[in-house]
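Visitor: Could you take me through one part of this protein up close, and then show me how that part sits in the whole chain? I'd like to begin with a single residue and work outward.

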Amino acid sequence: MRVLLIAPPGAGKGTQGALIAAHFDVPHIGTGDLLRDHVTRGTDLGRVVRQHLERGELVPDDIVLAMVREAMVAAKAAGGGYVLDGLPRNMAQARSAYLIGLELEMTANVALHLQADDSVLVRRLLARAALEHRSDDTEEVIRRRLAVYHEVTHPIVDWYAERGILVSVDAVRPVEQVGREILVALEVMRPLIDHVPEQNRRPIDLTSLGIAFGANPTNSDISG
Ligand code: AMP
């Protein structure tokens, strides 16, 4: 299973990425985690990227792409599956990730889009800030990260819809419920992935599933 995660900050990318990786026994490649690790260890790369992270701005594409390429080569040696969490963040990264995938014969099978409203995300991220003290979880930087998401990251969702590999999920629900829905959707897709060419598939939109099954959309925000 090869999955890309596209989600605004605070939508539960890291948590759901870890769940998918554990379920399918594939490496979880989290670009934010890898970058924060460089900053903590004070590596040369960490010194270059620290300010970008602190301001909520994207790190230059060539840096993250080199990091991801290395992780994908390792993932190939480990069996070929992966969950890529945090890249692509813009159209140029989406194209480059696709080219790296073609070259390594491991393009993504599924682009999983976690959807949530800004008001929910800001609340969740401020709650997380109180617990984790991440330097980019101040209200000002959170707003900047959300703006970057809307400007340059969200537009890539359409590209994956056109490629036929998009699955959209409503992330404004309890984290276990979102996780279960994701795993069911991915398990259902597994046979399609092997047998139906991408161009013959349709995007899958599960974002109103909760409402269809009786969830109250105004009362469903439980942080994850
Ligand atoms: P995240 O943990 O995914 O929220 O990422 C935290 C921060 O790492 C982002 O706000 C960016 O500064 C940086 N970052 C993570 N992934 C990327 C990427 N693919 N391209 C550029 N910057 C990134």
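Guide: Let's begin with Asp25, which has a relative accessible area of 69% and is therefore exposed. Bear in mind that this is a predicted model. You'll find Asp25 in the loop that joins α1 to β2 (28-30). Its backbone is worth a look too: phi of Asp25 is near 55 degrees, a positive value in a residue that isn't a glycine.

Now jump along to Glu105, another non-glycine residue with a positive phi, about 55 degrees. Glu105 is in a loop as well, the one between α5 and β4. With 68% relative accessibility, Glu105 counts as exposed.

Step back from Glu105 into helix α5, which covers residues 91-104, and you come to Gln93. Is Gln93 buried or exposed? Its relative accessibility is 2%, and the cut-off for buried is under 20%, so Gln93 counts as buried. What is packed against it? Setting aside neighbours within four places in sequence, Gln93 is in contact with Asp61, Val64, Leu65, Leu87 and Pro88. For a sense of distance, take Leu35: Gln93 is 58 residues from Leu35 in sequence, and their C-alpha atoms are 16 Å apart in space.

Two of those contacts, Leu87 and Pro88, deserve a closer look. The peptide bond running from Leu87 to Pro88 is cis, with omega near 5 degrees. Pro88 itself is in the loop between β3 (82-85) and α5.

On the other side of the Glu105 loop comes β4, and that strand takes us to the largest nonpolar core. This core has 32 residues, and the members that touch the most others are Ile20, Val110, Leu112 and Leu114. The elements that each supply at least two of its residues are β1 (2-6), α1 (13-24), β4 (110-115), α6 (118-132), α7 (139-153), β5 (166-170) and α9 (175-195). Of these, α9 gives the most, with seven residues. There is also a second, separate core of 31 residues, which includes Leu65, Val68, Leu87 and Ile156. Leu65 and Leu87 should look familiar, as both are in contact with Gln93. As a general point, nonpolar side chains in soluble globular proteins tend to be buried together.

Back in the largest core, have a look around Val110. Not counting residues up to four places away in sequence, Val110 touches Met1, Arg2, Val3, Leu4, Ile165, Val167, Leu186, Met189 and Ile193. Long-range contacts of this sort show up in the totals too: of the contacts in the chain with a separation of 6 or more, 78% are between residues 24 or more positions apart.

Now zoom right out. The chain's secondary structure comes to ten helices and six strands. Its radius of gyration is 17 Å, close to the 17 Å that the globule rule gives for 224 residues, so the chain is as compact as a globular protein of that length. Along the principal axes, the C-alpha atoms fill a box of roughly 45 × 45 × 30 Å. Buried residues, Gln93 included, make up 48% of the 224 residues. As for the surface, the chain exposes about 11100 Å², and carbon and sulfur atoms supply 54% of that. Finally, the charges: there are 24 positive and 30 negative side chains, and the centres of the two sets lie 1 Å apart.

Definitions and conventions: Residues numbered from 1 in each chain as written. Predicted model: local features only at pLDDT ≥ 70, side-chain atom pairs only at ≥ 80, totals over all residues. Heavy atoms only, no water. Helix = DSSP H or I, 4+ residues; strand = E, 2+ residues; numbered from the N terminus. Rg over C-alpha atoms; globule rule 2.2 N^0.38 Å. Buried < 20%, exposed > 50% of the residue type's maximum accessible area, 1.4 Å probe, protein only. Contact = heavy atoms within 4.5 Å. Areas by Shrake-Rupley, 256 points an atom, 1.4 Å probe, with all protein chains shown as cover. Lys, Arg positive; Asp, Glu negative; His and termini not counted. Charge placed at Lys NZ, Arg CZ, Asp CG, Glu CD. Core = buried A, V, L, I, M, F, W, Y, C linked by side-chain atoms within 4.5 Å.
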